[in-house]
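Biologist: I am new to this structure and would love a guided close look at a single part of it. Could you pick out chain A's core and walk me through what surrounds it?

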Amino acid sequence: MTGAGALAAALAAADGPAVCAEVVAAARARGADHAQAIHGTGERFEIEFENRGVTQLRTGVDEGVSLIVFRDGRRGSASTNGRDPDAVAAALDEALAAAATGVADPANDVAAAPSQGFAAFGPDAADRDTMLDAVAACLAELATRYPKIRTRNSAYVFGTTESAFANSRGVVQHERRAAYNFGLAFIGKDGTATTSFNAAGAGSFTPFDVLLDAGCVRRLLDETLRSFDPRPIPEKFVGDIVVTPECLSGLIGGTLAGALSGPALMAGRTPYKERHGTAIAAPCLSVLNRPRAADFPGGASFDPYGVPTADLDVVKDGVLENFLVDFYYARKLGRAQTVGATNFVVPGGDRSIDDIVATTARGILLCRLSGGMPNADLEFSGVAKNSFLIEDGRIRGPLVETMIAANLQDVLKNIRALSRETVNFGNCRFPYLAASGVTISSKG
Amino acid sequence: MRSPSGPEREDAMLETLQRHAATFRGYTELRWQANQGGSIAMRKGTVLANARSYSAGVSARRWRDGVFGFASRPGDDAAALARVLADAHDHVARHGRKAAAPIGRALPSTAPGTGRYDYRTTRPTVSRAERLDLVRRVDAHIAARYPGLTNFDVALVTGAVEKALVTSEGAATYSYMPRANLMVSLSLQANDSLVELYDIAGGFGDYEDQFGAVEPVLAMVDAIYDQLRRKAEGAYCEAGLHDVILDPVVTGILAHEAIGHTCEADAVMTGSVAGDHLGEPVAAEKVTLIDGAGRGIDGQAATAIHVDDEGTPCRDVAIIERGVLKEFLHSKETALRLGLEPTGNARANAFSDEPLVRMRNTAIAPGEDSVEDMIAAIDRGYYLKRATNGQADSTSEFTFGIACGYEIRNGKLGRAIRDTTISGVAFDMLKTVTHVGRELKWAAGGMCGKKQWIPVGIGGPAIKCQITVGGK
């Protein structure tokens, strides 16, 4: 069987590698110089709950094809879902039409890379009754131990994804991932006293024995109970920030990674463009990309161009070792490809968080930053949420209407300690980070 | 990528869903939904994206003993429909009783939502090549006229959400809601740093309804550049509490983020501060804030919803009326648990999403003041023109990034300002409103991310108030 019949059969069987091969072959037959296709299937079972109990039991199934075609250096792409071969054929028509009308770009191409064979990560299936029992235990513990905590939109999820890839250079990849994910969103409520919104979660290949022990959930619950009656800081000062692992994930995985990315380099929107091989942070900081880490269910063994992922030291002992440049931007910028998927690890230091706080004269424990987008120089400002004043080596009261303003370049240079404690979120791992020289102010 | 469905397909889809209504057991929703989108993105002459997407499928949701069962699958054939109905039933029957906190009452009934709300364009279809040509012309205009820019991006994003819904309460409705936006972002190296600014054209409707000519887009580009040039020479704000004017779309983001979210009934049930102030003054008497059904209070918002995804006919909700907190936004479940009526605020973004309590078209109602009077009333403050992003909290504390604005000195506009952040507690800040502008404007875009990303209408008039402004 060939052509449309083979594609229909592959779709009907949800045979991802066969679907991809047929789509690439069809694209080539229709005049594409090169093509690539990804077929994905996903299934999830989700238990949603709030304080009063489970609110929804949910299953979802989806599958689909996304494809990119290249013709005379022009690119067109399209995606569709389901098993209808006519829909896939229509998607191919759309992609070819886009490639016919585009603008030629020498960077457009499919990748040449080694094929890896099928790899499976995580369990085959979840025991739904065990998951329900875990949620029941979580609700019971919330009721008895955290009566002032109110939860919403919280969920315990088991999800599987299977991804297949093929391109016209013969690259074939195929992986299946399955994982448990737990997320809790909550506030503290005591009479009419209300704390800020908070949320935490984590992913794991194995079920969570006690859901509230996932990631940093329990610490955030405890901190929320200490967050009633918040106060603004009494006066503006320049001091330290002790950034929690969940807050650091945004600064490193979002702001810093964005500034080191191919799009930022192309746009000239980064202060690090000429900084390769130089110190951009204190020597205690390393930022490592570990998409194949054995304890990251949110990792990946190949990227959207079918290139196998690899370990990468982005910042090593404070020195910028590598930018984050994927297959397309590597060709566009004339650099080597360094990355396809990002799963960051910041190794911990040699001091405990208690010791770091004890040596902080004046500053704040920064647990969440709510603010505007950092500008191109990485200046940022925002309100310190779910955060606490630190004075004379002790965590004092909770804060409200407290703003911080800093430049991430300076924060990284002014790191004075990393904690030995780290939190694994299932797709990244971070410690606490303490840095000095941050402006902390309040209303008025 | 199926072609637009047209009346025959609408009828066929509704009939297909209704045939399965005979198998409903207890409260049930059955929905077919297709989300289609297109994007063309250029950066300095390079096409970074030229893509189309189509995602469609069916979902069923059941309610029993205080818990929902929800199931979704791609496709729209009888087997897919039967399977999602069976799975949703199985969830509540097999697992629900074990897990749920039983509630002895049924979800509140409403008049069944009906009708066809098809906003697809009636204009001739514009080809993909012509759409790309628009983006290329804008890109070429920027390159030719403003060669000193460090970077510029042009992105055309079009999309439409098509739905058919039937419920066990007799709702049967179809909708097609399109939106088309073109975003332009410019970056310029100033003496001390890179400065950036963007704006968005378009709004509700298909591409054909929004972009009949390139000239209005080029005019927008020129306006962005002029503001960017002034911003590059601009000043950093003085940190602290200031008299400010919020431009209409900034007012809209404030209304959405800081007030709207705290007044979603699921947030109220969790403990948001709004629940402690119902019936109390929370704003100046000049402030009336409405979450509007259809296309909002003036019929011009960038999204439309007439029947929500539980089959409830949508109605306007006056969250704040003349300064007093009056009402919250409800789904059937929140209405049941709080003993109130559903308001038509249950919305789902994709076939695979369950309805959640969401805003629709949220805006402060226009008043009788002029922007000129507002400026004249400020000795030392700021006119904040454009926000980059916004976040709010259960406490109504909010933070927004501001990308464009001007100083006000002695009742007159002064220098442009650099990026800054504004913050405050909404239920305090709204009490400082002294002026509410006459002209209601809506953002061309407007998306809200609360578990699911969904199009919303964000708008308002200009207002004068006091707000905390961040410095350098």
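Modeller: Happy to! One term first: a contact means that heavy atoms lie within 4.5 Å of each other. Please also keep in mind that this is a predicted model.

Let us go straight to the core. The largest nonpolar core has 93 residues, and Phe182(A) and Tyr272(A) are the ones with the most contacts inside it. Tyr272(A) is a good place to stop and look around. If we set aside its neighbours within four places in sequence, Tyr272(A) touches Leu256(A), Ala259(A), Leu260(A), Ile280(A), Leu320(A), Phe323(A), Leu378(A), Gln409(A) and Leu412(A). Another core, of 51 residues, lies apart from the largest one; among its members are Ala258(B), Met359(B), Ala426(B) and Met429(B).

One of the partners of Tyr272(A) deserves a second glance, namely Leu378(A). Leu378(A) sits in the loop between strand E15 (368-371) and strand E16 (379-385) of chain A. Is Leu378(A) buried or exposed? With a relative accessible area of 4%, Leu378(A) falls under the 20% cut-off and therefore counts as buried. Its backbone is worth noting too: most residues other than glycine have a negative phi. Leu378(A), although not a glycine, has a positive phi of about 70 degrees. Asp229(A) is also not a glycine and has a positive phi, of about 55 degrees. Asp229(A) belongs to the loop between helix H5 (217-225) and strand E9 (237-243) of chain A.

Now step back to see the chain around these residues. Chain A contains 10 helices and 21 strands, and buried residues account for 57% of its 444 residues. Its C-alpha atoms fill a box of roughly 75 × 55 × 40 Å along the principal axes. Chain A has a radius of gyration of 24 Å, which agrees with the value near 22 Å for a compact globule of 444 residues. Taking the contacts in chain A between residues at least 6 apart in sequence, 72% join residues at least 24 apart.

For the neighbouring view, chain B has 10 helices and 24 strands. The radius of gyration of chain B is 24 Å, close to the 23 Å from the globule rule for 472 residues, so chain B is as compact as a globular protein of that length. Buried residues make up 64% of chain B. Among its contacts between residues at least 6 apart in sequence, 74% link residues at least 24 apart.

Notes
Residues numbered from 1 in each chain as written. Chains lettered and ligands numbered in written order. Predicted model: local features only at pLDDT ≥ 70, side-chain atom pairs only at ≥ 80, totals over all residues. Heavy atoms only, no water. Core = buried A, V, L, I, M, F, W, Y, C linked by side-chain atoms within 4.5 Å. Buried < 20%, exposed > 50% of the residue type's maximum accessible area, 1.4 Å probe, protein only. Helix = DSSP H or I, 4+ residues; strand = E, 2+ residues; numbered from the N terminus. Rg over C-alpha atoms; globule rule 2.2 N^0.38 Å.
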